[in-house]
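The following paragraphs lead the reader through one structure, step by step. Please keep the sequence and the model in view while reading.

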Amino acid sequence: MLQMRPGCECCNRDLPPDSADARICSFECTFCSDCANQRLAGTCPNCGGELVPRPSRPAAKLEKFPGSTTRVFKPEGCAAAS
């Protein structure tokens, strides 16, 4: 099950489980759409994988299976892509 991490690893922007702005790689590294597109050029700085829109979880399932509350914030790894 996806962790649905609560924030962008680059800018620490809030990304609640229902956010359409969340982008993830196959390891669930999580970024906002602005950082994913503008700073990272669609590539995860941690693993080199593709950043894609995070799937949504139906509201009824969020009650039983809430998103993670653990934030990962690593701005040093989010230098602008060259």
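Helices and strands are here taken as DSSP runs, with at least four residues for a helix and at least two for a strand, and they are numbered from the N terminus. The model itself is predicted.

With these terms in hand, one may begin at E50, whose place is the loop between α1 (33-39) and β3 (52-53). Is E50 buried or exposed? Its relative accessibility is 58%, and because exposed means over 50%, E50 counts as exposed. Beyond its neighbours within four places in sequence, E50 is in contact with I24, C25 and G42. The chain also brings E50 and S26 to a C-alpha to C-alpha distance of 7.7 Å, although 24 residues separate them in sequence.

The interior comes next. The largest nonpolar core comprises 14 residues, and those with the most contacts inside it are C8, C10, F31, L40, C44 and L51. Two or more residues of this core come from each of β2 (30-32) and α1. As for C44, when its neighbours within four places in sequence are left aside, this residue is in contact with C25, C29, F31, G49 and L51.

The last stop is R23, in strand β1 (residues 22-24). Which side chain of opposite charge is nearest to R23? It is that of D21, 5.2 Å away; R23 is buried yet has no salt bridge. A polar atom of the R23 side chain does, however, lie 3.0 Å from the backbone oxygen of A20. Apart from neighbours within four places in sequence, the residues in contact with R23 include F31, A36, L51 and V52.

Technical notes
Residues numbered from 1 in each chain as written. Predicted model: local features only at pLDDT ≥ 70, side-chain atom pairs only at ≥ 80, totals over all residues. Heavy atoms only, no water. Buried < 20%, exposed > 50% of the residue type's maximum accessible area, 1.4 Å probe, protein only. Contact = heavy atoms within 4.5 Å. Core = buried A, V, L, I, M, F, W, Y, C linked by side-chain atoms within 4.5 Å. Lys, Arg positive; Asp, Glu negative; His and termini not counted. Salt bridge = Lys/Arg side-chain N within 4 Å of Asp/Glu carboxyl O. Polar contact = N/O pair within 3.5 Å; in protein donor to acceptor, adjacent residues only side chain to side chain.
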